[in-house]
Protein chains: 2
Amino acid sequence: MDLSIDRAGIAQAYGLIQPHIRKTPLIEVDGAEFGQGAFHSILKLELLQHAGSFKARGAFANLLLRAVPAAGVVAASGGNHGVAVAYAAMRLGKLARIFVPSIVSAAKAARIREFGAELVVVTGTRYDDALAASQEWARESGALQVHAFDQRETLLGQGTVGMEFSQQAPELDTLLVAVGGGGLIAGVAAWFEGRVRVIGVEPEAAPTLTRALAAGRPVEAEMGGIAADSLATRQVGALMFPIAQRYVERVILVPDEAIEAAQQLLWKSLRIVTEPGGAAASAALLFGHYQPAPRERVGVLVCGGNTTAVDFGKRAASV
Amino acid sequence: MDLSIDRAGIAQAYGLIQPHIRKTPLIEVDGAEFGQGAFHSILKLELLQHAGSFKARGAFANLLLRAVPAAGVVAASGGNHGVAVAYAAMRLGKLARIFVPSIVSAAKAARIREFGAELVVVTGTRYDDALAASQEWARESGALQVHAFDQRETLLGQGTVGMEFSQQAPELDTLLVAVGGGGLIAGVAAWFEGRVRVIGVEPEAAPTLTRALAAGRPVEAEMGGIAADSLATRQVGALMFPIAQRYVERVILVPDEAIEAAQQLLWKSLRIVTEPGGAAASAALLFGHYQPAPRERVGVLVCGGNTTAVDFGKRAASV
């Protein structure tokens, strides 16, 4: 079994998933456009990916790199990962069963079902309750467990964002990436291997990688804040940690207020709609938590857009 | 005075406005992603342009190709053009006065003021009332009138969308473009000169170009429907009409229901937020009003995103 998470593995994953994912576009913006400080940045609009976030890459990588049994795949998540696995399974004609905690929103549950997956609402309220139930079902049924972040193929899939970004913008100096369980930043950092400075961004209320790097190992951290549902995990994954130690330069913490203000500014000045986790990396740049050097070329992964903030139902007027 | 609207003029305008506008990105999508028919399309996300629509290009073209007197610029519009002229004037350090009809929404008025323009609310409710007042003020003050569509530099500026699109995607067969006053489609058609099939899309409730082509000259048409505020003008411009006669292959009418459904689908499947006028061209493709041949490469201008449909204020949940 190949356990390495490296450029060759990411390139192989990219070759397999490419027909199934969107090549998400870039847009160049500078600080003046937002009325904020002096910076020049290149945003990768990964929120336009299938199922609304980068998670589709990891989902397809699992389904295409691993053998999927007749029982199909199983995942635990009431959020972007669950939706992405349901989407990938639908597109590849596989069965999917998604376990979600009892507090899942009606909107999320509907979206998972819409992609044809079987939705199982467990009795517990926490992600861990759903994860335990999904693991038990994987053992019983033989279905393939697709972990949201602590799985080699998940990291390889997320790493393809870095590979694609580097092809589209070969001259990056720095890349800002939001961190939850750490699958995205580890995949991306494994791709760049230090060629680009990869910097993590976490909400102050969910500092999983900050705590892990301080402790020298994954440890439990607070799980709160505005971006809790995408960036708050109990702790970072075991697979991502050595990659982060080696290739993530540092982690920046941003307050919830900055994340919320970034969502507002990205909509107002750029007409893109992000979920809180998708705006965290931008928040670090917009509000000076990360201060680039003059002429530094800063890339930002805008990684998710699954939010209920949009409602055309009221026949929205034009602004 | 140069009255020509041609490739040389568009290229000159592009050279001047390029430092001030965003190079808006493309994304490739196919019908299956939306659960709709068989097509392959390349969307140009011009809704990410400054001030939320392509209108910024024409505004900058006017301010940079024409001599702006000390009295500044003046425009009539309660919509995207007014916001764009206010934005361009702010960025270029010019005075701007925007005349709007009395029915202007508070949100639009606030946005125009935010860009530093002087907002004048006229007593009449119609665009023509605001236009008349703006023309009178231009005569009195010597300010430069920037017409929303019937002005050479406006057409040259809008034409740069076509030039940029052709550089980004040289292999287009067809391009779908929404029509209101006709500035956008005329600029784009003047750029392509028949090299790409340019097809107009209008709401059934606001068929300005359809009526004009049938009559052989600009004539008055209905001004209603969901996209009224961006696509309903009394009639198409005099400058655009001969260009449309020569280079616009045909015009497709779409019902309001299709436009609204396109807004919903573009958000649901692609996470982009359009105003009704910005979704009209996509609606034609999504719902079979335009049916491409197999392997036809269809470009779509997604041209505006100024809508009140987005509200983060309620601490929107993640979907």
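Four salt bridges cross the interface of chain B and chain A in this predicted model. One of them joins the side chains of B:Arg22 and A:Glu33. Its N to O distance is 2.8 Å. Polar contacts also span the interface of chain B and chain A. The count is 14 residue pairs, with both residues at pLDDT 80 or more.

On the chain B side, several elements of secondary structure take part. Strand E1 (26-30) of chain B supplies at least two residues of the side that touches chain A. Helix H3 (80-92), helix H4 (106-114) and helix H11 (256-270) of chain B each do likewise. Of the contributions to this side, that of H11(B) is the most, with seven residues. The side of chain B that touches chain A is mixed in class. It holds 21 nonpolar residues, 14 polar residues and 15 charged residues.

The extent of the interface can be given in two ways. By contact, 50 residues of chain B meet 50 residues of chain A. By area, chain B and chain A bury about 4500 Å² between them. Carbon and sulfur atoms account for 54% of that buried area. The accessible area lost when parts come together is often used to give the size of an interface.

Aromatic pairs were counted next. Over all chains, the count comes to six. One of the aromatic pairs consists of A:Phe60 and A:Tyr87. Their ring centres lie 6.1 Å apart, and the angle between the planes is 85 degrees. This geometry is edge-to-face. The pair links distant parts of the chain, with the two positions 27 residues apart in numbering. A:Phe60 belongs to helix H2 (residues 55-65) of chain A, and A:Tyr87 belongs to helix H3 (residues 80-92) of chain A. Both A:Phe60 and A:Tyr87 are buried.

A second pair is formed by A:Phe99 and A:Trp137. The ring centres are 6.4 Å apart and the planes stand at 45 degrees, so this pair is tilted. Here, too, distant parts of the chain are linked. A:Phe99 sits in strand E4 (residues 96-100) of chain A. A:Trp137 sits in helix H5 (residues 127-141) of chain A, and the two residues are 38 residues apart. A:Phe99 and A:Trp137 are both buried.

The edge-to-face pair of A:Phe60 and A:Tyr87 is also part of a cluster. A:Phe115 joins A:Phe60 and A:Tyr87 in one aromatic cluster.

Methods:
Residues are numbered from 1 along each chain as its sequence is written. Chains are lettered from A and ligands numbered from 1 in the order in which they are written. This is a predicted model: local features need pLDDT of at least 70, side-chain atom pairs count only at pLDDT 80 or more; totals for chains, interfaces and linings use all residues. Side-chain values use heavy atoms; hydrogens and water are left out. Contact means heavy atoms within 4.5 Å. Buried area is the accessible area (1.4 Å probe) that two parts lose on being put together, summed over both. A polar contact is a pair of N or O atoms within 3.5 Å; within protein, one must be able to donate a hydrogen and the other to accept it, and residues adjacent in sequence count only if both atoms are side-chain atoms. Helices (H or I, at least four residues) and strands (E, at least two) are DSSP runs, numbered from the N terminus. Ala, Val, Leu, Ile, Met, Phe, Trp, Tyr, Cys and Pro count as nonpolar, Asp, Glu, Lys and Arg as charged, and the others, Gly among them, as polar. Rings of Phe, Tyr and Trp (its six-membered ring) pair if their centres lie within 6.5 Å; planes under 30 degrees apart count as stacked, over 60 as edge-to-face and the rest as tilted. Buried means under 20% relative accessible area, exposed over 50%, partly exposed in between (1.4 Å probe, protein chains only).
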